[in-house]
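Trainee: Could you pick one part of this model and give me a close look at it, then work outward from there? I'd like to hear it as one connected story.

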Amino acid sequence: MSAPRRPLAFDPVAEASRLWAERWGETPRMRAVTSLMRVHQLVLTELDELLRPLGLTFARYEVLVLLSFSRRGSLPLGRIGERLQVHATSVTPLVKRLEAAELLRRTPHPEDGRAVLASITPQGRAVMEQATELIVGARFALGALSEEQCDELTDLLTTPRTAAGDF
């Protein structure tokens, strides 16, 4: 595990907001986006560090979870990209790393000769279960929030997700 994070001597979002407001408008939205992106990076870093001993990153973990949720334990690579909202060129390296670790296997799609299926292996399921225990134990790196606050945050973020056509 890595050394504890050293906090900054100032709130970088507040400072960026102050400087932003001197030049441009939409300061509340700038502050919200900057906070959101900063929390994203902090959470992702914590989860990646947590999963490192298992040979995973959070992105690779997401692929394994997605495959475990599918009816057959397999999905076309394009579908993985759609579900995880990443470009196909980003899915391939994730899948290759998981395949090299024998956590999934790639096979030609039986009905679409152009597509490739990724299928989770029994070892992949076992590692995914271990990873899930770690992530749940770490409270998804959001332990500073109560369950009610997590629900409020989810509700708040549903509106921009809907507006962006996420669902």
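Mentor: Let's start at V33, which is found in helix α2. Keep in mind that this is a predicted model. V33 counts as partly exposed because its relative accessibility is 48%, between the 20% and 50% cut-offs. Together with L36 and M37, V33 makes a nonpolar surface patch of about 280 Å².

Now take the helix as a whole. α2 runs over residues 27-51 and has 25 residues, reaching 36 Å from its first C-alpha to its last, close to the 36 Å expected at 1.5 Å a residue. Its buried residues are T27, M30, V43, L47, L50 and L51. What covers them? Among the elements doing that job are α1, α3 and α6.

One of those covering elements, α1, spans 12-21. For charges, look at R18, which forms a salt bridge with E22, the closest N and O atoms being 3.1 Å apart. R18 is partly exposed because its relative accessibility is 43%, while E22 counts as exposed because it reaches 57%. E15 joins in as well, linked with R18 and E22 in a network of salt bridges. The count of salt bridges in this model comes to seven.

Next up is α3, another element covering α2. α3 has twelve residues and reaches 16 Å from end to end by C-alpha, close to the 16 Å expected. This helix is mostly covered, with nine of its twelve residues buried; among them are F58, Y61, L64 and L67.

That ties in with the largest nonpolar core, which has 28 residues, with L56, Y61, L67 and I80 having the most contacts inside it. α2 supplies at least two residues of this core, and so do α3, α4, α5, β3 and α6. The largest share, seven residues, comes from α3. Take L67: leaving aside its neighbours within four places in sequence, its contacts include I80, L104, A118 and I120.

From β3, follow the chain into the loop before α6, and you get to T121. T121 is buried because its relative accessible area is 8%, under the 20% cut-off. Apart from residues up to four places away in sequence, T121 touches E102, L103, L104 and R105. And here's a handy ruler back to where we began: the C-alpha atoms of T121 and M37 are separated by 33 Å, with their positions 84 residues apart along the chain.

On the other side of β3, in the loop between β2 and β3, sits H109. H109 is buried too, because its relative accessible area is 17%. Its contacts, sequence neighbours within four places aside, are P76, A115, V116 and L117.

Two more charged pairs round things off. R106 and E99 meet in a salt bridge at 2.8 Å, N to O. E82 and R79 form another, at 3.9 Å, and both lie in helix α4, three residues apart, about one turn of the helix. Three or four places is a useful spacing because an α-helix has 3.6 residues a turn, so residues at that spacing point the same way.

Conventions. Residues numbered from 1 in each chain as written. Predicted model: local features only at pLDDT ≥ 70, side-chain atom pairs only at ≥ 80, totals over all residues. Heavy atoms only, no water. Core = buried A, V, L, I, M, F, W, Y, C linked by side-chain atoms within 4.5 Å. Buried < 20%, exposed > 50% of the residue type's maximum accessible area, 1.4 Å probe, protein only. Helix = DSSP H or I, 4+ residues; strand = E, 2+ residues; numbered from the N terminus. Contact = heavy atoms within 4.5 Å. Patch = residues over 30% accessible without salt bridge, like charges linked within 9 Å, V, L, I, M, F, W, Y side chains within 5 Å. Areas by Shrake-Rupley, 256 points an atom, 1.4 Å probe, with all protein chains shown as cover. Salt bridge = Lys/Arg side-chain N within 4 Å of Asp/Glu carboxyl O. Expected span 1.5 Å × (residues − 1).
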